[in-house]
Amino acid sequence: MRLFDAVLPALVIARREVRDQFRDWRIIFPVVGLTVLFPFLMNFTANQILNFVREYGANIIGERLIPFLLMIVGFFPTSASLVISLETFVGEKERGSIEPLLNTPLKDWQLYMGKLLSSTVPPLISSYLGMGVYLAGISINRIPLPEPQMLVLIISLATVQAVVMVAGGVVVSSQATSVRAANLLASFIIIPVAFLVQGEAILMFWGNYQTLWWAVIGLTVLAFLLVRVGLAHFQREELLGREIDVLNIRWGVRVFWRSFSGNARSLLEWYRLVIAEGYRLLKIPFLIVTILVIAGVVIGMDQVNQFPFTIPASEISLSNGGYSSILKYLPFFSLGHVIAVWWQNVRVLLLAFVMGIFTFGVLGVLPVMATVGVAGYLIEILNRSGIQILPIVLGLIAPHGIIEIPAAILATALVLRAGAIMATPVPGKTVGEVWLESLGIWARTMTGVVIPLLFIAAVIEVWVTPRLASLILN
Amino acid sequence: MIETNDLSKQFDGFWAVDGVSLKIQPGQVLALLGPNGAGKTTTVRMLTSVLSPSRGWAKVAGYDVVRESDKVRSSVGVLTEHHGLYGRMNAVEYLDFFGDLYRIDRKVRRQKIDCLLEQFGLGLVRKKRLGEYSKGMRQKLALVRALLHEPPVLLLDEPTSAMDPASSRLVRDAIHQLRSRDRTIVLCTHNLAEAEELADQIAIIQRGKIIHLDTLDSLKKKLLGSTHYVITYANRTRELIKWEDMGIQFPEGVEPVSVGDHQLEFKVDNPEQTNPELLQRLVSAGLQVISFSEVPRSLEQAYLEAVNHTQEYYEII
């Protein structure tokens, strides 16, 4: 009962907004069009393509097309919902109707949830209705319906996709200074979702439905994170405070520099700060990434069962002087190669950072996990081929890996932390401020610790590892 | 009912409100005056817990604006600068929505809505879409919204702006009616006649600071000096009058300012004590007094004096 009482104001907000939306012909028209007319068009398309592919005996394309079109029919109304969600806060701000709402005893989360619900429910209803109309049309045309499991998959996909888009739209709307700015920022939602739908389409035609379920799970996590981010950074004050659409570069540089330098007066003090603060801020992300790295190795080793591959022992001539003979032909031991190895590692970690920015750090762990996964896979291949693993690990990985792997884990921990902090409430700070500060922490730890460590690891990898490997393996 | 101490708000290094200390008792109406951008709206937003103070504290209806923001918002009725109504709703739906947010029982809120709409002359347009309302009607509806939950504190930002004279009168009368022993009202306005009519206390804010806070009379006296009076009389013209010849000595604290035909203007520090005596002396000396009246001095004069004086001060420093 207490929970219902707490949720009730959010429902009051949602009810008003939904009513308001359904009084606006500019919303009703596309929603009705996409709910009723578009599914009919898709029915017609399905019929035509089915007849066409049957002529050439490509029945499988027809089979895969029916669920694909269902997904598209479900997706289109939710894409229209982005317009509603993008203006939910900032539109009210522009019309001046947000302040009376902010003056009511509503809690921030109640207001936010009300807005989120009101932006999610109508497009979802429209999406379900559209899919219903499409399926009814399919039945009437006596085309076999997709299996129930497939229907559940597509409905789940449409639902989480809608929630992700709307949640993203509401986050943008609550942080933007004008509807125009919100619409411009919408590309950060539209472009990734467009890629996602393309990927889903490929998977659907490929028939890889298992992976689509993973997409549902991934999108559910993303939706949860987006809602969390929105709630964490929603501030009444910010909503009224920001008025101008100006990129304040000077302010941004100041915030970044404050975080990067930590106001240290000397290099030594800065290093102390980087180490001490880094330890305090990064110990939990470091632990999490370490666990993920171990999991990556295990997953990589397990993949040998999926993709078995054996090397005949006779073809492996690393021992008995074979390794030394390889060294003769490889142009190691030059500074150029040190830089090449170092830059390769830095580049991968920069990629991890970029991937992490858009996914709350989640995809930022992939490069390091993929790398250790491949290493685990190769080790297991060699193991199953009857080769002793310990000398290989000690000779080829350990000398530089002892520095390189912790450095990579640290860099990934930074990305994970930067992602997690975005979903954490930081009182009195804007999203931009929080982001710039975590960028400063990332940059200072990369500059002070990770990049120098990677350079040392690269020196060892080029000058020391081959010699040690030569000694151990021979 | 409203108490603030060193209440301040900073935006990007700029102090929009700087050290505002106020104490407004229940039953009082405070008019907060000041030029555009002086900090009135920011002060009101802090008092409604929409903005959090950068420094200092404030209590509204006994609740701290930072720690007990929900209770503060429940206790405050706000007429905002931009009343921003929902154009596709009608008045009843709109007020019902806000009544629901304030958790007013459905039956009670229906009755209150009907009653308030009638009181403010909106009964006939209750089912009309708000997008079709005139500016004045919107303003009245926004005021009704602020009153719906019977708040003990009312913060009214420009309550009669955009209203025709009749509607302004209606709203001012309503504010008179709303004054009660338990209710505190803060009125932000540029309409100085309105402030003069309604307020017990006047606060003038400029560049975020309260530069004057006093009762109307004290403020006028402080800013415009002693009160001026005019006596008109029948039997002397400017050329003929010679106070000394007539044996008139002005009481202490009375200073003639100008003499006209049948008219004397003078200023008095303490009119309660000196005016009766002065009148007696003049009559005794044979002056045929027709009228004795205070020279009206508006709040506008006092306000302009305060604002210009402070402006000059800022220009100097």
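The exercises below, each with a worked solution, concern a predicted model with chains A and B.

**Exercise 1. Describe the overall make-up of chain A in terms of secondary structure, extent, burial and contacts.**

Solution. Begin with the secondary structure, which in chain A comes to 18 helices and 0 strands. Next take the extent of the C-alpha trace, which along its principal axes spans about 80 × 70 × 45 Å. For burial, a residue is counted when 20 or more other C-beta atoms lie within 10 Å of its own, and by this criterion 38% of the 474 residues of chain A are buried. Finally, among the contacts in chain A with a separation of 6 or more, 87% are accounted for by residues 24 or more positions apart.

**Exercise 2. Check whether the span of helix α3 (residues 59-86) of chain A agrees with its number of residues, and locate its kink.**

Solution. The helix has 28 residues, and at 1.5 Å a residue it should span 40 Å; the expected span uses one less than the number of residues. The end C-alpha atoms of α3(A) are 42 Å apart, which agrees with that expectation. As for the kink, α3(A) bends by about 25° at L65(A), shortly before the proline P67(A).

**Exercise 3. Work out the layout of the open sheet of chain B that contains β12 and β14, and place helix α9 relative to the sheet strands.**

Solution. The sheet has 4 strands in the order β12-β13-β11-β14 (chain B), and the pairing is antiparallel. Because β12 (254-260) and β14 (289-294) of chain B stand at the edges with a single partner strand each, one side of each is left without a neighbour in the sheet. From one strand to the next, the twist averages 20°. Looking at one pair in detail, β12(B) and strand β13 (residues 263-268) of chain B run antiparallel and are joined by 6 bridges, and P256(B) stands opposite F266(B) in β13(B). Helix α9 (residues 271-284) of chain B then lies across β11 (227-233), β12, β13 and β14 of chain B, and runs at about 165° to β14(B).

**Exercise 4. Analyse the contact between the two chains, with attention to the side belonging to chain B.**

Solution. Count the participants first: the contact takes 21 residues from chain A and 22 residues from chain B. On the side of chain B that touches chain A, α2 (69-75) and α3 (91-101) of chain B each supply at least two residues, and α3(B) gives the most, with 4 residues. Sorting this side of chain B by class gives 10 nonpolar, 6 polar and 6 charged residues.

Note on methods:
Residues numbered from 1 in each chain as written. Chains lettered and ligands numbered in written order. Predicted model: local features only at pLDDT ≥ 70, side-chain atom pairs only at ≥ 80, totals over all residues. Contact = placed C-beta atoms within 7 Å. Nonpolar A, V, L, I, M, F, W, Y, C, P; charged D, E, K, R; others polar. Bend = angle between axes of the 7 residues up to and from the residue. Buried ≥ 20, exposed ≤ 12 C-beta atoms within 10 Å, placed from the backbone. Pairing = 2+ DSSP bridges. Axes fitted to C-alpha atoms, helices over the stretch in contact; angles between N-to-C directions.
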